[in-house]
Amino acid sequence: MCQSKLRKDINEGEPALCCKGPPPARPEYDLVCIGLTGSGKTSLLSQLCSESPENIVSTTGFSIKAVPFQNAILNVKELGGTDNIRKYWSRYYQGSQGVIFVLDSASSEDDLETARNELHSALQHPQLCTLPFLILANHQDKPAARSVQEVC
């Protein structure tokens with residue numbers, strides 16, 4: 001339903017009915033958000049959606065959030081990062097237009113190596129290899145956090 005208002009046409013001097021339609025649709029982009037358990041995927045998306053940081057629970061399986069921005073909407077599929085879930089990540093890649101890989105920069109060497117292997121696997125996957133990747137070195141506020149250069 002459109003909003004109507006009466007206006008006078010400048011040239012004709014007679015009232016005319018104008019209709020203001022809904023605002024143009026914002027483009028939507030489908031992204032996949034992956035990373036090991038505890039890397040901060042859920043916290044990141046909650047923050048982007050202006051949700052309360054309280055009561056955040058690690059994702060089991062997957063969740064989908066629509067992240068609104070002024071000029072676009074990002075539909076983000078967040079995939080759980082446990083060992084038994086990671087093997088199913090590729091089933092959720094189809095239709096993705098970009099990838100967010102969240103890395104815990106304060107994690108152990110073993111976890112960092114596992115994250116590195118998962119990232120390389122994603123970068124080489126046929127459905128993702130041509131897509132833009134955002135690699136987020138999270139937890140930079142922790143004392144044990146590695147710098148971006150160390151993570152690279």
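Which residues of β5 are buried on one side, and which on the other? Keep that in mind as you load the model, which is a predicted one.

**Stop one: β5.** Select residues 73-79, the strand β5. Show the side chains of I73, N75, K77 and L79, which sit on one side, then those of L74, V76 and E78, which sit on the other; every one of them is buried, so both faces of the strand are covered. In a regular strand, side chains point to the two faces of the sheet in turn. The count for β5 comes to seven buried residues out of seven.

**Stop two: the neighbours of β5.** Now add residues 28-34, strand β3, which pairs with β5 in the parallel sense through six bridges. To find one of the contacts, pick E28: the bridge partner in β5 is I73. Next, bring in β4, residues 62-68, which runs antiparallel to β5 and is joined to that strand by seven bridges. Click F62 and you'll find L79 of β5 opposite. Follow the chain from β4 into β5 and you pass through a hairpin of four residues.

**Stop three: the largest pocket.** Select F101, L103, L112, A115, R116, L119, H120, I135, A137, V148, V151 and C152 to light up the lining. The space inside is about 220 Å³. Colour by element next: β6 (98-104), α3 (109-124), β7 (133-138) and α4 (148-151) each put at least two residues into the lining. Helix α3 is the top contributor, with five. Finally, colour the lining by residue class, and you get 10 nonpolar residues, one polar and one charged.

Terms used: Residues are numbered from 1 along each chain as its sequence is written. This is a predicted model: local features need pLDDT of at least 70, side-chain atom pairs count only at pLDDT 80 or more; totals for chains, interfaces and linings use all residues. Side-chain values use heavy atoms; hydrogens and water are left out. On a 1 Å grid over the protein atoms alone, a cavity is a set of points where a 1.4 Å probe fits but cannot get out, and a pocket is an open set with protein on both sides within 12 Å along at least five of seven lines; lining residues have an atom within 4 Å of a point. Grid points are joined across faces, edges and corners, and a volume is the space filled by probe spheres set on the points. Ala, Val, Leu, Ile, Met, Phe, Trp, Tyr, Cys and Pro count as nonpolar, Asp, Glu, Lys and Arg as charged, and the others, Gly among them, as polar. Buried means under 20% relative accessible area, exposed over 50%, partly exposed in between (1.4 Å probe, protein chains only). Two strands pair if DSSP finds at least two bridges between them.
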